[in-house]
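Could you walk me through this model in my viewer, one selection at a time? I would like to know what to pick next and what I will find there.

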Amino acid sequence: MSSVTRVGKASSDVRDVDVPSAQRVINDPDVCIDGARRLFYLGCFLVPLTAIRFSGGLAVSDWVFILSGLLTLLSVNRTKIRPSRWLLISSFFAFGASVFLALTSSTPVAQLTGGGRLVFVWGVWPVIAAFVLLDRHQVGRAAAFFVTGGCISALVAIAQLAGKDLRGIFPPASPDSLG
């Protein structure tokens, strides 16, 4: 299988060159972006496995995405991206609504955590993805990690329906609906 790469500087110099897929390598000398990409893949795998949590109520995937974002910020070679104005405005209103709801909630910390996570999911994840997933192959790999995590989550759910108690494999701080 091969891919086609455009080569040339001016539009008249552009020609198609066959590059075998096995030889297609992204030249990314930035260790921070490479590490952030690997953590992003791990986070994609862990997203469906929401029962795996550390203390503080955040899923392990959230912590992995936070680390990925921090590594992305440390990169000096990252591409410059300006977030959409509408994304910033909607994130501000969503978190503002969470703060307002927290004032009347019986569990204000949980409400604020939920609002922060909402902004994190629709605002921070796509921005990190834009920095670390540089081509279609990498986007496909992230999707494959997500689907694999979803399959494992489905297998755990099927095992639980079959009567297997799998709560013992999760860390003790894992909250679940069964107590």
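Start by selecting Phe40, Phe65, Phe120 and Trp125: in this predicted model, these four residues form one aromatic cluster. Show their side chains as sticks and keep them on screen for the next few stops.

**Inside the cluster**

Zoom in on Phe120 and Trp125. Are these two residues buried or exposed? Both Phe120 and Trp125 are buried. A search of the whole structure finds 5 aromatic pairs. The rings of Phe120 and Trp125 have centres 6.2 Å apart and planes at 70°, which is over the 60-degree cut-off, so this pair counts as edge-to-face.

Now centre the view on Phe40 and display its surroundings. Beyond the neighbours within four places in sequence, Phe40 touches Phe65, Ser68, Trp125, Ile128, Ala129, Val132, Leu133 and Ala142. Two members of the cluster, Phe65 and Trp125, are on that contact list.

**Widening to the core**

Next, add Cys44, Val132, Leu133 and Ala142 to Phe40, Phe65 and Trp125. You now have the residues with the most contacts inside the largest nonpolar core, which has 15 residues. Which helices each supply at least two residues of this core? They are α1, residues 31-46, and α4, residues 108-132. The largest share comes from α4, with 6 residues.

**Tyr41 and its partner**

Stay in helix α1 and select Tyr41, which is found there. Tyr41 has a relative accessible area of 7%, so it is buried. Leaving aside neighbours within four places in sequence, its contacts are Leu133, Gln138, Arg141, Ala142 and Phe145. Leu133 and Ala142 should already be on your screen, as they were named with the core. For a distance label, try the C-alpha atoms of Tyr41 and Arg141: they are 7.6 Å apart in space, although the residues are 100 apart in sequence.

Then add Phe145. How are the rings of Tyr41 and Phe145 arranged? They form a stacked aromatic pair, 5.3 Å centre to centre, with 20° between the planes. This pair links distant parts of the chain, since Tyr41 belongs to helix α1 and Phe145 to helix α5 (residues 136-161), 104 residues apart. Colour the two by accessibility and you will see a contrast: Tyr41 is buried, whereas Phe145 is partly exposed, with a relative accessible area of 33%.

While you have α5 in view, select Thr148, also placed in that helix. Its relative accessible area is 41%, so Thr148 is partly exposed. Thr148 and Leu46 are 102 residues apart in sequence, yet their C-alpha atoms are 9.3 Å apart.

**Two helices side by side**

Switch to cartoon view and select α3 (residues 85-104) together with α4. Two packed helices are described by the angle between their axes and the distance between the axes. Here the angle is about 170° and the axes are 8 Å apart. That angle is over 145 degrees, so α3 runs roughly antiparallel to α4.

Bring back side chains where the helices meet. On the α3 side, the residues include Leu87, Ala94, Phe95 and Val99, and on the α4 side they include Leu112, Gly115, Val119 and Trp122. By class, this contact has 11 nonpolar, 7 polar and no charged residues.

Before leaving α4, pick Val127, which is found in this helix. With 26% relative accessibility, Val127 counts as partly exposed. Its C-alpha lies 9.2 Å from that of Arg82, a residue 45 places away in sequence.

**A loop stop**

Go now to the loop between α2 (60-74) and α3, and select Ser75 there. Is Ser75 buried or exposed? At 5% relative accessibility, this loop residue counts as buried. Outside its neighbours within four places in sequence, Ser75 is in contact with Asp30, Cys32 and Ile33.

**Stepping back**

Finally, show the whole chain in cartoon. There are 5 helices and 2 strands, following the pattern β-β-α-α-α-α-α along the sequence. Of the 179 residues, 25% count as buried. Among contacts with a separation of 6 or more, 59% join residues 24 or more positions apart.

Terms used: Residues are numbered from 1 along each chain as its sequence is written. This is a predicted model: local features need pLDDT of at least 70, side-chain atom pairs count only at pLDDT 80 or more; totals for chains, interfaces and linings use all residues. Side-chain values use heavy atoms; hydrogens and water are left out. A nonpolar core is a set of buried Ala, Val, Leu, Ile, Met, Phe, Trp, Tyr and Cys residues joined through side-chain atoms within 4.5 Å. Buried means under 20% relative accessible area, exposed over 50%, partly exposed in between (1.4 Å probe, protein chains only). Helices (H or I, at least four residues) and strands (E, at least two) are DSSP runs, numbered from the N terminus. Contact means heavy atoms within 4.5 Å. Axes are lines fitted to C-alpha atoms, for helices over the stretch in contact, and angles run from 0 to 180 degrees between N-to-C directions. Angles under 35 degrees count as roughly parallel, over 145 as roughly antiparallel, 65 to 115 as roughly perpendicular and the rest as oblique. Ala, Val, Leu, Ile, Met, Phe, Trp, Tyr, Cys and Pro count as nonpolar, Asp, Glu, Lys and Arg as charged, and the others, Gly among them, as polar. Rings of Phe, Tyr and Trp (its six-membered ring) pair if their centres lie within 6.5 Å; planes under 30 degrees apart count as stacked, over 60 as edge-to-face and the rest as tilted.
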